[in-house]
Amino acid sequence: MEGYFRVAACVPTVNVADVEANVESIIALAKEVQAKGAHLAVFPEMCVTGYTCGDLFHNRTLLEGAIKGIETILSHWEIEVAMVVGAPLELNGSLYNCAWVIFQGQIIGIVPKTYLPNYNEFYEKRWWAAAPEETKTISILGKEIKFGKNLIFQIEDKRFGVEICEDLWAPVPPSCSLAMAGAEVIVNLSASDDLIGKYNYLRSLIEQQSARCLCGYVYAGAGFGESSTDLVFDGKAIIAENGKILASNKRWQSGPQYVMTDIDLEALRRDRMHLGTFHDCAVRQNRAAEIIKAEGNSHYVMDDNTWLNFAPNHDLLREVSSLPFVPQGEDAMAERCDEIINIQAAGLAKRLDFIRCKSLVVGISGGLDSTLALLVAVKTFDRLGLDRKGIIGITMPGYGTSKRTKTNAMALMEQLGITMREIPIGDAVAQHFKDIDHDPAVQDVTYENSQARERTQILMDVANQTGGIVLGTGDLSELALGWATYNGDHMSMYGVNASIPKTLVRHLVRYFAQEPAFENCRTTLLDIIDTPISPELIPTDKQGNIAQKTEDLVGPYELHDFFLYYMLRYGFAPKRVFMLAQKAFVGLFDDATIKKWMRTFYRRFFQQQFKRSCLPDGPKVGSVCLSPRGDWRMPSDASAALWLKQVDAL
């Protein structure tokens with residue numbers, strides 16, 4: 001759980017102006033989320049009194065009752081979860097709509113609302129004063145407390161800032177300044193009524209603000225119990241992280257409820273470090289905030305390194321997909337595939353147009369990668385209005401070519417209407433073995449790589465013959481593992497699949513198979529999808545079936561793509577990747593299997609960097625890319641010792 005921050009957005013039942021009942025509901029919810037390991041519990045705007053009290057806010061009885069309600073919350077020493085609750089505060093003749101930050105029976109700070117809506121159904125300036133510009137120290141309940149909008153609260157190494165409802169809707173929300181000053185999580189206490197279309201718009205605001213601020217965002221909105229005189233409240237509870245909604249509740253419930261999840265602070269910190277414009281903006285804006293470190297109450301003796309270690313539930317409360325490169329849901333998948341294919345086709349089209357080239361040479365093996373490259377080539381030629389016959393597909397059967405892959409390769413080329421060529425490599429490779437004095441009975445790396453290099457030589461020479469270029473077919477996963485023959489299938493004149501992981505290639509081919517324009521080759525494409533992944537460099541079995549299966553040799557691509565994603569996208573250490581893999585692959589791979597192939601991944605990733613240092617051009621399609629000219633610059637002689645040591649210690 002290191003690096004995660006468990007937060008809860010809570011929606012208590014509210015009785016308008018009934019402070020005692022409201023506080024009872026708040027305390028009950030705080031205890032419930034604490035029992036499930038929450039570090040922080042966020043409650044709605046004015047939840048102590050109810051948001052819809054109207055002119056009762058200027059009544060002494062209600063204001064005194066609100067303070068007594070806060071005292072009641074403070075008296076519950078057994079609540080160790082940090083709480084942010086909404087209640088009014090009268091100060092020097094002005095009344096403020098405030099968020100009270102409470103930790104272990106102490107008020108840590110009070111944040112007043114910055115922007116007060118005074119339009120349409122809102123008329124908050126009738127009761128409230130806007131937050132002053134400067135932070136003050138005020139005396140409340142016998143304690144000196146910080147009061148202001150520029151406060152950041154720190155418990156251990158976790159920092160959060162506060163804004164209230166309308167603050168989020170302002171052109172420049174306070175959360176922007178708070179995030180640049182160090183807040184990693186923003187909490188929003190809200191009492192936003194529901195209107196047609198408003199909920200979806202609010203979700204988009206929260207998504208965008210969490211992305212813009214590279215932060216977690218915890219939103220707790222008023223719900224059941226608020227007055228329905230003119231407005232209706234649906235009880236929204238939403239938690240987002242860096243542009244993605246992690247959790248949201250079912251609205252319109254009649255009782256108290258909450259949503260809870262773990263915000264990944266380590267991932268956020270990595271992105272803030274990696275994206276230099278965040279730092280540059282913070283320096284340019286020069287917006288300082290006062291950081292208040294919560295020390296906790298003296299009634300409890302807590303180890304500084306095990307804050308809230310009382311939590312009984314340490315299981316990660318967030319989804320971890322076993323296929324991080326693959327979107328969930330049919331609509332999302334279709335949208336992703338369409339976008340990727342268009343990026344590939346646009347990149348290839350530009351290259352062909354720039355060099356005035358109307359000939360493209362592709363090696364067709366009957367496997368997934370070459371199939372995808374060919375399909376993209378066809379789409380590109382169609383877009384450019386070029387004759388598909390300008391695509392020269394060459395299948396080059398060798399010692400390990402199976403009947404199934406050869407049949408599919410020939411069928412696909414014929415069905416797509418390209419120029420077909422079959423050039424067997426057996427005799428040429430046999431001559432090469434004789435030239436270099438290699439015993440063909442020794443099926444070692446020389447035996448395998450000689451075939452791969454012979455195929456590449458054929459493709460390059462035919463490209464010269466036809467005034468064309470060789471289209472590379474290797475994918476991102478192969479580049480990560482170095483699963484390519486140097487100066488063999490490693491090399492081309494444009495690598496159209498270079499930033500597509502293996503776990504996504506299959507889905508892209510399936511997407512093509514579902515397209516009406518490729519209906520005539522659908523059966524072939526579906527069989528290619530079901531064919532085991534193999535370089536086919538070792539002779540087939542007696543029945544002519546594939547004998548050499550890639551995943552038996554280097555491990556499952558599902559695991560390697562998972563390791564690759566979390567290493568490159570977030571820079572996570574092996575121990576953290578392992579923990580995530582345990583959750584993602586539960587029931588699929590045991591710990592020993594994950595550890596075995598994780599070691600293979602890190603070893604190969606470091607050893608094979610030299611192949612990535614001289615890659616041909618190719619289009620970037622996602623956030624993870626290994627181009628030496630773009631996303632990944634690493635010396636070819638970097639040591640993997642630190643990473644392997646950590647893997648061995650798992």
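Good morning. I begin with a single residue: Glu335 is exposed, with a relative accessible area of 58%. Here exposed means over 50% relative accessible area, buried means under 20%, and partly exposed lies in between, with a 1.4 Å probe and protein chains only. Please note that this is a predicted model, in which local features need pLDDT of at least 70 and side-chain atom pairs count only at pLDDT 80 or more, while totals for chains, interfaces and linings use all residues. Residues are numbered from 1 along each chain as its sequence is written, and side-chain values use heavy atoms, leaving out hydrogens and water.

Glu335 belongs to helix H8, residues 330–354. Helices (H or I, at least four residues) and strands (E, at least two) are DSSP runs, numbered from the N terminus. The protein has 21 helices and 20 strands in its secondary structure. Of its 650 residues, 55% count as buried.

Which residues gather with Glu335 in a patch of negative charge on the surface? They are Glu330, Asp331, Asp338 and Glu339. Patches are made of residues with over 30% relative accessible area and no salt bridge, with like charges joined within 9 Å and nonpolar side chains (Val, Leu, Ile, Met, Phe, Trp, Tyr) within 5 Å. A salt bridge is a side-chain nitrogen of Lys or Arg within 4 Å of a carboxyl oxygen of Asp or Glu.

I now turn to strand E8, residues 151–155. Is this strand buried or exposed? Five of its five residues are buried, so E8 is largely enclosed by the rest of the structure. In a regular strand the side chains alternate between the two faces of the sheet. In E8, Leu151, Phe153 and Ile155 point one way, and Ile152 and Gln154 point the other way.

E8 has pairing partners, where two strands pair if DSSP finds at least two bridges between them. E8 and strand E15 (residues 290–293) run parallel and are joined by four bridges; there, Gln154 has Lys293 as its bridge partner. With strand E9 (residues 158–164), E8 pairs in the antiparallel sense, also over four bridges, and Ile152 is matched with Gly161. The hairpin of E8 and E9 has two residues between the strands, and Glu156 takes a positive phi near 55 degrees.

Finally, a further hairpin. Strands E12 (residues 237–241) and E13 (residues 244–248) pair in the antiparallel sense over four bridges, with Ala240 opposite Ile245. Two residues lie between these strands, and Asn242 takes a positive phi near 45 degrees in this hairpin. Thank you.

Methods:
Areas by Shrake-Rupley, 256 points an atom, 1.4 Å probe, with all protein chains shown as cover. Lys, Arg positive; Asp, Glu negative; His and termini not counted. Charge placed at Lys NZ, Arg CZ, Asp CG, Glu CD.
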